[in-house]
Amino acid sequence: MPRAPHFGDWLALLVLTVLWGSAFVLNELALASFPPSVLVGGRIVIAALLVYGYLRLTGQALPRPGRAWLPMLVLAVFGNVLPFHLIAWAQQHIDASLAGILMAVMPLFVLSLAHFFVPGARLTPYRVAGFVAGFTGVIVVIGPALPHGLSGNAVLLGAIAALGSALSYSISAIYARRLGAGDPLRRSAGMLLVASMLSAPMALADLSMVTPPSVASVVAMIALGLLATGFATLLYFRLIEGPGPTFLSFVNYLVPAWAVIAGAVFLDESLSPAVFLGLTMILAGIGFSELGARAMDRLTAMRLRYVRFSSPSIVEEDA
């Protein structure tokens, strides 16, 4: 049962926002020296060592070999390997801030997929309206690249790859929800270890493409693994087990905003008014989908309580 958030939870949420929102800047810095496959492989291996080390420090162990590892394989593919590769490839062609904005549509993907794959998660009018508003914002953001078509249009292809990364994360989230309760730390450590084994061969194959790395690129890769992936995973589960997913959903609004700020401060990126308009529409769509649905749930619960309260009196009058 989720508990009320306290000051430490808000601080953890702020730190998680900074870590996830800064990942796009760190990606861009690391890509100056490392190809996407090497960057992703290094990031995942570092994160896996951190989370597995924490698992062992807490006295826990990984599941024994067998069917228990199949879910972790699926989560590794859709929650780490595929989205990390897509966003790293995308950031060779689009700015860090734009990548962060496009990744903000993940909650809209989750709400849409949940309608088909999660029992009871219906696409209400609020969620449909939020989805339409959010993807109208995406069109506004990538609009300048659309008239040139896909052929040779690196910016548009990069934007599509970023959206693909958000979709992959969404598939992972839906699959994890369908798995039900489980030890989140063991599942996370197993997922990262499987992801390491999947990404290592691709990284090794492209190792010859690495240019003499700069200090900034090496520090960025280490920070991606230790902080934006490993430590952020531990914070994520701390919040899930504490104040719960509803509280954690605030991060959906904060991460793209921080990605824009970090891109402007550290990479001197600038955004057009159209991109800011698109970001506003995406965040409004997320808010309408989530807050509208919660309001309807509360209204339904109030009606049920009213019916239960009033039924005994109705029975007495009939008697």
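Leaving aside its neighbours within four places in sequence, which residues is Ile 282 in contact with? Contact here means heavy atoms within 4.5 Å, and the list for Ile 282 reads Ile 101, Ala 104, Val 105, Gly 134, Gly 137, Val 138 and Val 141. Apart from that group lies a core of 32 residues, with Val 38, Ala 48, Val 51 and Leu 192 among them. Ile 282 itself belongs to the largest nonpolar core, which has 45 residues; Phe 24, Ile 101, Leu 102, Val 105 and Val 138 join Ile 282 as the residues with the most contacts inside that core. A nonpolar core is a set of buried Ala, Val, Leu, Ile, Met, Phe, Trp, Tyr and Cys residues joined through side-chain atoms within 4.5 Å. As for "buried", that means under 20% relative accessible area, while exposed means over 50% and partly exposed is in between (1.4 Å probe, protein chains only).

A quick word on what you're looking at. This is a predicted model, where local features need pLDDT of at least 70 and side-chain atom pairs count only at pLDDT 80 or more, while totals for chains, interfaces and linings use all residues. Residues are numbered from 1 along each chain as its sequence is written, and side-chain values use heavy atoms, with hydrogens and water left out.

Now step back to the whole chain. You'll find 12 helices and 0 strands in the protein chain; both are DSSP runs numbered from the N terminus, with helices (H or I) having at least four residues and strands (E) at least two. Of the 319 residues in the protein chain, 46% are buried. Take the contacts between residues at least 6 apart in sequence: 87% of these join residues at least 24 apart.

Let's try a helix or two. Helix α5 covers residues 106-117, and its 12 residues should span 16 Å at 1.5 Å a residue; the end C-alpha atoms are 16 Å apart, which agrees. The expected span is 1.5 Å times one less than the number of residues. Buried residues in α5 include Pro 107, Leu 108, Phe 109 and Val 110. Phe 109 also turns up in an aromatic cluster, together with Phe 131 and Phe 135.

Helix α9 has 27 residues and reaches 37 Å from its first C-alpha to its last, close to the 39 Å expected. There's also a kink of about 35° in α9, centred on Ala 232. The bend at a residue is the angle between axes fitted to the seven residues ending there and the seven starting there.

Met 221 is found in α9 too, and Met 221 is buried, with a relative accessible area of 11%. Along the chain, Met 221 and Leu 39 are 182 residues apart, but 6.6 Å separates their C-alpha atoms. Beyond its neighbours within four places in sequence, Met 221 is in contact with several residues, including Ala 30, Phe 34, Leu 39 and Arg 43. Arg 43 has another partner worth finding: its charged end sits over the ring of Phe 84, 3.8 Å from the centre. For a charge to count as sitting over a ring, NZ of Lys or CZ of Arg must be within 6 Å of the ring centre and within 35 degrees of the ring normal.

On to the aromatic pairs. A search of the whole structure finds 4 of them. Rings of Phe, Tyr and Trp (its six-membered ring) pair if their centres lie within 6.5 Å; planes under 30 degrees apart count as stacked, over 60 as edge-to-face and the rest as tilted. The rings of Trp 20 and Tyr 236 have centres 6.0 Å apart and planes at 45°, so this pair is tilted. Trp 20 sits in helix α1 (residues 7-30) and Tyr 236 in helix α9 (residues 215-241), so to speak a link between distant parts of the chain, 216 residues apart. Trp 20 is partly exposed, with a relative accessible area of 28%, and Tyr 236 is partly exposed at 29%.

Trp 20 also leads us to Val 251, a residue of helix α11. Leaving aside neighbours within four places in sequence, Val 251 is in contact with Leu 13, Thr 17, Trp 20 and Pro 256. Is Val 251 buried or exposed? Val 251 is buried, with a relative accessible area of 6%.

Last stop: the loop between α11 (251-267) and α12 (273-318), where you'll find Asp 268. Asp 268 is exposed, with a relative accessible area of 68%, and its phi is near 55°, a positive value in a residue other than glycine.
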